Amino acid sequence: MSQPPYELLPGADESPVLLHVPHSARTVPAAVRAGIELDDAALERELDHITDAHTAELAEAAAALAGVTPWRFVNRLSRLVVDPERFPDEREEMLAVGMGAVYTRTTHREVLRADGFDPEPLVARYFRPYAEAMTRAVAGRLAATGRAVVIDVHSYPSRALPYELHGAGPRPPVCLGTDRFHTPGELTRAARRAFAGCGETGLDSPFGGTYVPLEYYGTDARVCALMVEIRRDLYMTEPGGPAGAGLGRLATALAALVDSLGS
């Protein structure tokens, strides 16, 4: 690969904030592509649906606007390689639709990888190193500032796709995913204030939860986390089209959230 599979982009030493962008890329290495059953056209369509398009650009713009520059951790490979945000074991509810750490089904519940596909080589090659690198990134913020705030930057389609387990619920312009241990009320309130100009903000629907490295998950309250899910029609042409003017407004809102979290 010509670029690393993930990248930690430094921010200010005094910033506790880590913008995590796990699903923005479309790159699938050739060796991984060989294990995918879709033809090229179908794969491109699936990437249109599954990719959180332009979220890396959103995080980059927000970082540039923030008064204190946050750190960014950006996945450079598609989530069709591995999904770094899934649990790597039976705790993952998306296993029910073939979307654990290594997907075997598409957004439309079609075959992505053949039955009997062994996920372990991909987990070993991509998932575990990513998790270890994110753990180090969070440890770095804890060491430097005494706390870490992981803001997951995602997007989601305006209409539910067949793979969604909770697609019948509300689909607000901005969905905030929370964790009862790692998302304090003030963090949620700060996000609601920051995104107030972008439309309604909802909680945990259609997607809930947030990402915390397993080393800290459920045990270290110094690590706070929030998932920001932005409905795609706010800033882009769906399913996989260009970004529009809404991206700038959202970047300003995300920067305001970053600034509210202090240094």
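Start by selecting arginine 113 and phenylalanine 117: the charged end of arginine 113 sits over the ring of phenylalanine 117, 5.3 Å from the ring centre. Keep in mind while you click around that this is a predicted model.

Next, the ring-to-ring contacts. The structure has 5 aromatic pairs, and this tour stops at two of them.

For the first stop, show phenylalanine 73 and tyrosine 130 as sticks. Their rings meet edge-to-face, with 5.0 Å centre to centre and 75° between the planes. Now colour by secondary structure and see what this pair ties together: phenylalanine 73 belongs to strand β3 (residues 71-75), tyrosine 130 to helix α4 (residues 120-145), and the two are 57 residues apart in the chain. Switch on a surface if you like. Are these rings buried or exposed? Phenylalanine 73 has 1% relative accessibility, so it counts as buried. Tyrosine 130 comes in at 3%, under the 20% cut-off, so it is buried too.

Second stop: pick tyrosine 156 and phenylalanine 207. This is another edge-to-face pair, at 6.1 Å centre to centre and 70° between the planes. Here, too, distant parts of the chain are linked: tyrosine 156 lies in strand β4 (residues 148-156), while phenylalanine 207 is in the loop between β6 (201-203) and β7 (223-231), 51 residues away. Both tyrosine 156 and phenylalanine 207 are buried.

To finish, go back to the first pair and add one more residue to the selection. Which residues make up the aromatic cluster there? Tyr6 joins Phe73 and Tyr130, and the three form one cluster.

How values were computed: Residues are numbered from 1 along each chain as its sequence is written. This is a predicted model: local features need pLDDT of at least 70, side-chain atom pairs count only at pLDDT 80 or more; totals for chains, interfaces and linings use all residues. Side-chain values use heavy atoms; hydrogens and water are left out. Rings of Phe, Tyr and Trp (its six-membered ring) pair if their centres lie within 6.5 Å; planes under 30 degrees apart count as stacked, over 60 as edge-to-face and the rest as tilted. Helices (H or I, at least four residues) and strands (E, at least two) are DSSP runs, numbered from the N terminus. Buried means under 20% relative accessible area, exposed over 50%, partly exposed in between (1.4 Å probe, protein chains only). A charge sits over a ring if NZ of Lys or CZ of Arg is within 6 Å of the ring centre and within 35 degrees of the ring normal.
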